[in-house]
Amino acid sequence: MEFLYKELNTAVKFDKRIDNTEIPDYITKNLSNIFELRPYQKKAFSRFIYYLENNNFEDKQNKPYSLMFNMATGSGKTMIMAGLILYLYKQGYRKFLFFVNSTNIISKTIDNFINIRSSKYLFNKNSISFDGKIVNIKQVVNFEDANKDDINICFTTIQKLHSDIYAEKENSITIEDFREQKIVFISDEAHHINTKTRKQTEIAKLSKPSWENTIERIFNQNLDNILLEFTATLDYEHKNIAEKYKPKVIFRYDLREFKDDKYSKDVNLLRSDLSDENRILQAVILNQYKQDIALKNGINLKPVILFKAQKLIAESLENKNKFHKLIENLTNEQILYIKENSGVRIIQKAFAFYEKNNTSISQFKKKLQQNFAETNCISVNENNLDRKTLKKNDKNQLVEQQFILNSLEDKNNPIRAIFAVNKLNEGWDVLNLFDIVRLYKTRDSKGGKAGKTTMAEAQLIGRGARYSPFKINEDQDKFKRKYDKPNHKNELKIIEELHYHTIEDSKYISELKKALVESGIFDDENEYKQLELALKKEFKQTVFYEKAVVYGNEKKKNNYKKIQSFKDLGVSKSSIKFKLHSGKGQIIVAFDKNDEIKEEENNINIEGKDVKLSFIPQHIIKNAIAKNDFFKFNNLKKFFPNLKSNSRFISSKDYLSGLKIIFTGTDKRLKNITNFDYLLALSDLLSDIKQEITGNLHDYYGTDGFTQIHKIKDKFTNVSLKINKNSERAVSQSNFVKNKDWYVYDDNFGTSEQKKFVEMFARRIEKINRKYKEIYLIRNESQFKIYDKKGTGFEPDFVLFFKQKENPYIVFQMFIEPKGVHLKKHDKWKEDFLLEIRERFKDKILEYNSDKYRLTAVKFYSNKEENEFVKAFEEALFE
């Protein structure tokens with residue numbers, strides 16, 4: 001038996017719906033709009049919905065369903081939980097039990113689900129609504145307090161849940177709570193509840209109750225229960241664990257995919273042969289440099305540094321005391337020592353930056369002392385946040401500490417340095433951790449295999465590698481790295497990196513690298529090729545290279561301030577049809593032998609009647625609006641900022657008054673349309689209007705005019721590529737392209753479809769040469785981007801240039817995108833955009849200096865449908 005996620009990976013090749021199931025509006029609209037859903041999160045939702053709503057899986061579990069989401073640290077597992085809560089609420093679930101092994105994770109999750117004032121609240125802060133009805137999210141102690149119309153969430157630790165079940169107490173959860181009601185169980189850090197499975201012996205089964213069999217016992221109380229497990233660290237190598245989760249892992253998105261998709265920081269190991277004190281100071285200097293680079297570029301960033309002790313809290317406290325003494329008594333000479341003795345290139349780059357900006361050593365020293373003062377540091381070394389023996393003041397202090405740790409990115413949180421042992425290895429969400437300093441020298445490896453300490457360090461590094469979002473222009477994705485090669489020399493690359501500071505110890509570094517490679521956050525140097533793509537010398541010597549340009553458009557932020565009507569927002573709906581039921585009917589005798597069914601004497605004659613909304617009494621319209629939260633005035637103002645009042649929304653022809661309802665029904669019904677008929681019809685109309693408004697809303701748009709002009713020699717340069725050795729892209733095409741004067745690069749490391757396209761083009765170059773000259777095919781390795789009407793970026797794989805031989809010597813710029821047949825449907829919007837460009841510019845000439853340009857494009861190329869492409873390609877060339 002294969003893992004469920006692998007079955008789905010295979011099935012999706014034959015049924016694209018598995019990864020493209022439409023995510024309902026009641027999920028997307030009820031989640032926070034601050035956190036945009038990422039492609040892999042949409043895929044996770046899509047697979048879950050498809051699995052639950054389809055019964056064509058041979059190995060689909062019997063009820064109750066138990067499913068696992070194995071997702072990388074930092075990939076947004078809690079957002080998936082929030083979306084699934086909304087989906088399952090719609091399916092009739094009202095009670096959700098969230099459990100985990102740590103109270104600090106509970107505090108964080110309560111912020112995510114309950115605390116509307118938290119910057120990390122995951123639901124829509126305005127309201128949560130289903131079918132126009134407001135729904136509240138309520139934290140409950142047990143399900144006796146549950147409200148049948150609300151989302152009721154009980155938060156508990158697995159330890160407390162286990163204790164409550166076997167030692168019943170007042171107000172605690174009991175086994176009876178689970179028998180007569182269906183509940184969604186949400187298990188975070190679920191790898192902690194597999195003790196029985198790991199042992200899997202008869203002795204283990206007969207031994208005293210464990211966390212795992214407690215969960216199994218309460219989960220199986222009701223066949224309609226659902227168990228959703230989440231973890232970043234599922235042990236696929238353990239036979240028993242693997243067998244247990246084969247039918248359960250519905251979605252897997254590991255740290256390697258997360259990193260390769262550019263959602264994480266890059267991890268750098270900074271090793272240096274310095275004393276502990278100087279390594280600390282070097283790390284502080286680098287951390288401050290990251291903040292100042294960000295500020296220089298208009299980015300408000302407060303980078304945090306973590307100082308890690310190995311085992312003892314006393315060691316961590318001593319590290320903190322030493323740090324405060326270092327910073328308080330810092331001298332110019334200590335900083336100069338780092339400048340003169342550090343062989344780390346990035347440290348020298350930092351000092352060069354401050355010299356260039358006329359920051360003296362004395363000024364820099366004061367900056368460090370101010371930013372890393374004792375008030376801006378915190379120790380998180382309490383042994384047990386759950387201890388019942390803690391005094392009230394201690395408990396308050398721990399709550400405050402937890403709040404500080406969970407809000408490190410907030411503007412009013414001053415913390416720059418954290419001192420810890422192991423408290424933050426799990427369940428800590430932080431985006432602005434940029435440096436970790438290892439303040440111990442011991443290793444615990446055996447036989448060349450990384451020990452527990454090294455594996456825990458790798459886990460901590462993975463947690464710190466979460467990306468801190470930013471962007472400096474509208475075409476950037478704020479949640480992804482922007483300065484990988486070929487842009488790695490940009491100074492902002494430093495704020496896309498996590499540095500792990502350690503001593504110069506080759507054996508330890510080797511062990512840590514191995515652990516990081518296994519976790520997926522670090523590239524295996526033997527797994528990737530570093531490939532160089534260079535422009536041919538002959539091409540760089542042409543006049544075209546020196547003088548020609550490439551045209552693109554801009555991504556701009558939508559401005560709703562000019563919106564004055566439905567029409568301005570692209571709402572085309574002007575009417576709806578609404579059927580009035582007549583109430584007529586007939587009885588048909590099932591076993592009547594007559595061939596014809598007898599009809600009643602009076603045939604139903606259906607007619608139509610147009611009713612403008614201006615004719616319908618306003619109190620009925622107001623009633624319909626009140627039943628749909630979307631049309632609350634405060635919400636409407638977001639889309640129509642010039643709207644003055646609800647009355648104007650109803651009475652103005654620019655809005656509702658300009659619409660009509662086409663009633664259909666019998667003559668009798670049309671003459672007796674009731675207020676209730678109006679209300680039902682208005683509800684349908686408003687629902688349609690809402691869909692059009694939300695469907696036409698986009699934060700950004702791509703300009704119609706391609707007015708962005710870039711010199712070819714500036715936009716297309718030599719490129720460094722990092723490609724997996726096993727990828728089809730690692731296969732060189734240099735032997736084929738090196739003698740082709742029309743191909744501007746010395747190689748092509750594209751996909752198989754992209755290479756097939758180049759071969760097809762070569763077979764047609766002779767025919768193209770009859771009409772055109774200066775023909776250049778340029779491979780676009782993420783150097784150039786265009787934007788559709790929604791502002792979605794698109795990087796065409798090739799840009800083809802060719803100039804007419806006869807007057808008026810027009811230079812054509814053609815966008816070309818090879819695409820495998822299996823991807824055509826998913827990327828159809830790109831093909832639509834290409835064909836739109838061709839239509840938009842077919843009669844337009846763009847002028848740059850004395851040259852004339854014409855933009856065009858062509859449908860997708862695929863090897864399997866090459867003949868169709870060739871026909872369209874030649875039509876575009878010779879039209």
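A residue counts as exposed when its relative accessible area is over 50%, as buried when that area is under 20%, and as partly exposed in between. Keep those cut-offs in mind, because Asn 358, with a relative accessible area of 69%, lands in the exposed class. Asn 358 belongs to the loop that runs between helix 16 (345–356) and helix 17 (361–371). Its backbone deserves a look too: Asn 358 is not a glycine, yet its phi is positive, at about 60°.

Before going further, a word on what you're looking at: this is a predicted model. The mean pLDDT of the protein is 85, with 90% of the residues reaching 70 or more. Two stretches to treat with care are these. Residues 202–206 have pLDDT below 50, and that stretch makes two contacts in the model beyond near neighbours in sequence. Residues 597–602 also sit below 50, with six such contacts in the model.

Now the overall picture. The protein has 879 residues, and 53% of them are buried. DSSP-style bookkeeping gives 33 helices and 31 strands. If you take the contacts between residues at least 6 apart in sequence, 75% of them join residues at least 24 apart. As for the outside, the accessible surface comes to about 43,500 Å², and carbon and sulfur atoms hold 46% of that.

Let's go inside. The largest nonpolar core has 89 residues, and those with the most contacts inside it are Phe 48, Phe 69, Leu 88 and Leu 228. Helix 5 (residues 77–90) is the element that gives the most to this core, contributing ten residues. Phe 69 is a handy place to centre your viewer. Leaving aside residues up to four places away in sequence, Phe 69 touches Ala 44 and Phe 48, then Ile 80 and Leu 84, then the run Leu 228, Glu 229, Phe 230 and Thr 231, and finally Ile 250 and Phe 251. There is also a second, separate core of 67 residues, which includes Phe 716, Tyr 743, Tyr 745 and Met 760.

A little before Phe 69 in the sequence there's a backbone feature to check. Lys 63 and Pro 64 are joined by a cis peptide bond, with omega at about -5°. Pro 64 lies in the loop between helix 4 (39–53) and strand 1 (65–71).

On to the rings. Searching the whole structure turns up 62 aromatic pairs. One of them is Phe 258 with Tyr 263, a stacked pair at 6.1 Å centre to centre with 20° between the planes. Phe 258 and Tyr 263 are both buried. Another stacked pair is Phe 869 with Phe 873, at 5.5 Å between centres and 15° between planes. Where does that pair sit? Both residues lie in helix 33 (residues 866–878), four residues apart, or about one turn of the helix. Phe 869 and Phe 873 are buried as well. They're also part of one aromatic cluster, whose other members are Trp 742, Tyr 743, Phe 757, Phe 761, Phe 798 and Tyr 861. Tyr 743 ties two parts of this tour together: it belongs to that cluster, and it is among the residues of the second core.

Some rings have a charge for company. The charged end of Lys 482 sits over the ring of Phe 470, 4.5 Å from the ring centre. Likewise, the charged end of Lys 844 sits over the ring of Phe 841, with 5.6 Å to the centre.

A few single residues round things off. Val 517 is part of helix 20 (residues 506–519). Is Val 517 buried or exposed? Its relative accessibility is 19%, so it counts as buried. The C-alpha atoms of Val 517 and Arg 256 are separated by 8.6 Å, although their positions lie 261 residues apart along the chain as a sequence separation. Asn 628, in the loop between helix 23 (618–626) and helix 24 (633–639), counts as buried because its relative accessibility is 14%. Setting aside residues up to four places away in sequence, Asn 628 touches Gly 132 and Lys 690.

Finally, compare Asn 358 with Ser 782, another residue other than glycine with a positive phi, near 60°. Ser 782 is found in the loop between strand 25 (772–779) and strand 26 (786–787). Its relative accessible area is 48%, so Ser 782 is classed as partly exposed.

Note on methods
Residues are numbered from 1 along each chain as its sequence is written. This is a predicted model: local features need pLDDT of at least 70, side-chain atom pairs count only at pLDDT 80 or more; totals for chains, interfaces and linings use all residues. Side-chain values use heavy atoms; hydrogens and water are left out. pLDDT is the predictor's confidence in each residue, from 0 to 100. Contact means heavy atoms within 4.5 Å. A nonpolar core is a set of buried Ala, Val, Leu, Ile, Met, Phe, Trp, Tyr and Cys residues joined through side-chain atoms within 4.5 Å. Buried means under 20% relative accessible area, exposed over 50%, partly exposed in between (1.4 Å probe, protein chains only). Helices (H or I, at least four residues) and strands (E, at least two) are DSSP runs, numbered from the N terminus. Rings of Phe, Tyr and Trp (its six-membered ring) pair if their centres lie within 6.5 Å; planes under 30 degrees apart count as stacked, over 60 as edge-to-face and the rest as tilted. A charge sits over a ring if NZ of Lys or CZ of Arg is within 6 Å of the ring centre and within 35 degrees of the ring normal. Accessible areas come from the Shrake-Rupley method with a 1.4 Å probe; for residues, only the protein chains shown count as cover.
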